[in-house]
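Me: I want to go through the fold of this chain in questions and replies. Please keep the replies short.

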Amino acid sequence: MTAKVIDGKAHAARIRAAVADNVARLREANGVTPGLAVVLVGEDPASQVYVRSKGRMTVEAGMQSFEHKLDVGVAEAELLALVERLNADPAVHGILVQLPLPDHMDSAKVIRTIDPAKDVDGFHISNVGLLGTGQKAMVPCTPLGCLLMLRETLGDLSGLEAVVIGRSNIVGKPMAHLLLGESCTVTVAHSRTRDLPGVVRRADIVVAAVGRPEMVKGDWIKPGATVIDVGINRVDAGDGKTRLVGDVDYEGCSAIAGAITPVPGGVGPMTIACLLANTLTACCRANGLPEPEGLGV
Ligand SMILES: Nc1nc2c(c(=O)[nH]1)N[C@@H](CN(C=O)c1ccc(C(=O)N[C@@H](CCC(=O)O)C(=O)O)cc1)CN2
């Protein structure tokens, strides 16, 4: 079997177009323009690329983009003061602090300072609690993107066996809650899981989010399963260059799986598309307007 390739780039482009349509209607009918503030601390090259893409795509969708770049050595108090100012700014409907933060900062404290209504990353404890109890929340962008691709590929997910590899607060845990919300039978596997290949072999859906290059092998996959690869790992390409690989051995797994996301071009682009969708949703909620339509979120 050769797996169907799930085209995250194309799916993300459709979501961004739907966001842009909603933004145009919102501005015309209500005179409101959604605004997203992105805060970058330091000069991590990958973070700089992601923040640049977020700013560009925010503007392309017709929204306002506010970029704040702080020096790597900035005091935590200064970052917290900036977040407070953004909380109070009516032109800002979404706030995102790019992670990882430098070691001298307490990420949990920074995230706690963001107004939950503007927390378009869905990382604030209020949103975590709402999602965990099946209530309306801001949903973290990467797991939301994974869910949208799963629904598009498989339709109704109810009753399917899902294995999420990785238990991070950003991906693994919210992913498990989202899949539970779809009535999947969910296992969260991690570094202490016994017989990981055997656990993964039971799954109709595998979501790999461990940050270990090409860890999931083809013979771990049940024939026909759907594999979502969240990993983005830069590895040595052998010729002095680097290349990007996921947490899944793509060649091995695509020979067995029914459908698979590539890296790059899978989950990554969906993360930014879902961020724009969340910003639009936050803007609608802030203005007491109906939730946006046609996004599939
Ligand atoms: N505050 C947040 N910080 C981080 C998040 C997040 O959701 N919120 N996620 C990641 C980084 N990230 C978004 O911020 C992100 C990662 C990757 C991509 C992407 O499109 N990747 C491309 C490949 C890009 C490349 O060549 O390097 C792809 O997969 O096709 C988008 C967003 C950590 N921080």
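Reply: The model is predicted, and the turns below go through its sheets, helix packing and annotated spans.

Me: In what order do the strands of the three-stranded open sheet run?
Reply: The pairing in this open sheet is parallel. Its edge strands are S3 (64-70) and S4 (94-97), each pairing on one side only. Neighbouring strands are turned by 15° against each other on average, direction ignored. The order is S3-S2-S4.

Me: Which residue of S4 stands opposite Val 39?
Reply: Strand S2 covers residues 35-41 and runs parallel to S4. Four bridges join the two strands. Opposite Val 39 in S4 stands Val 97.

Me: At about what angle does H3 run to S2?
Reply: Helix H3 spans residues 76-88. H3 lies across S2, S3 and S4. Its direction relative to S2 is about 180°.

Me: Which residues does UniProt list for the catalytic domain annotation?
Reply: The record is an unreviewed entry, and the feature reads "domain: Tetrahydrofolate dehydrogenase/cyclohydrolase catalytic". In the model that span is 51% helix and 16% strand, with its end C-alpha atoms 24 Å apart. The annotation covers residues 6-121.

Me: Are H2 and H10 parallel, perpendicular or oblique to each other?
Reply: H2 covers residues 45-60 and H10 covers residues 267-286. Their axes come within 10 Å and cross at roughly 50°. Angles of 65 to 115 degrees would count as roughly perpendicular, and those under 35 as roughly parallel. The two helices are therefore oblique.

Me: How many residues in the contact of H2 with H10 are charged?
Reply: H2 contributes Ser 53, Lys 54, Met 57 and Thr 58. H10 contributes Ile 272, Leu 275 and Leu 276. Four of the contact residues are nonpolar and two are polar. The charged count is one.

Me: How is H6 oriented to H10?
Reply: H6 spans residues 141-154. H6 and H10 pack with their axes 8 Å apart, at an angle of about 105°. Angles of 65 to 115 degrees count as roughly perpendicular. That makes H6, relative to H10, roughly perpendicular.

Me: How many residues of the contact of H6 with H10 are nonpolar?
Reply: The H6 side includes Leu 144, Leu 148 and Met 149. The H10 side includes Val 267, Met 270 and Ala 273. Four residues of this contact are polar and none is charged. The nonpolar count is ten.

Me: Is the crossing of H6 and H7 left-handed or right-handed?
Reply: H7 covers residues 172-181, and its axis comes within 8 Å of that of H6. The axes cross at roughly 35°. Pro 143, Cys 146 and Leu 147 in H6 meet Pro 174, Met 175 and Leu 178 in H7. The crossing is right-handed.

Me: Which strands of the six-stranded sheet does H6 touch?
Reply: This open sheet has the order S1-S11-S8-S7-S5-S6, with parallel pairing. Its edge strands are S1 (4-5) and S6 (185-189). H6 packs on the sheet, and its direction makes about 160° with that of S8. The strands touched are S7, S8 and S11.

Me: How far apart are the end C-alpha atoms of residues 140-285?
Reply: UniProt, in an unreviewed entry, lists this span as "domain: Tetrahydrofolate dehydrogenase/cyclohydrolase NAD(P)-binding". The chain there is 36% helix and 19% strand. The end C-alpha atoms are apart by 17 Å.

Definitions and conventions
Residues numbered from 1 in each chain as written. Predicted model: local features only at pLDDT ≥ 70, side-chain atom pairs only at ≥ 80, totals over all residues. Axes fitted to C-alpha atoms, helices over the stretch in contact; angles between N-to-C directions. Parallel < 35°, antiparallel > 145°, perpendicular 65-115°, else oblique. Contact = placed C-beta atoms within 7 Å. Nonpolar A, V, L, I, M, F, W, Y, C, P; charged D, E, K, R; others polar. Pairing = 2+ DSSP bridges. UniProt positions renumbered as here; feature names shortened; annotations may be inferred. Left-handed = near helix turned anticlockwise from the far one by under 90°.
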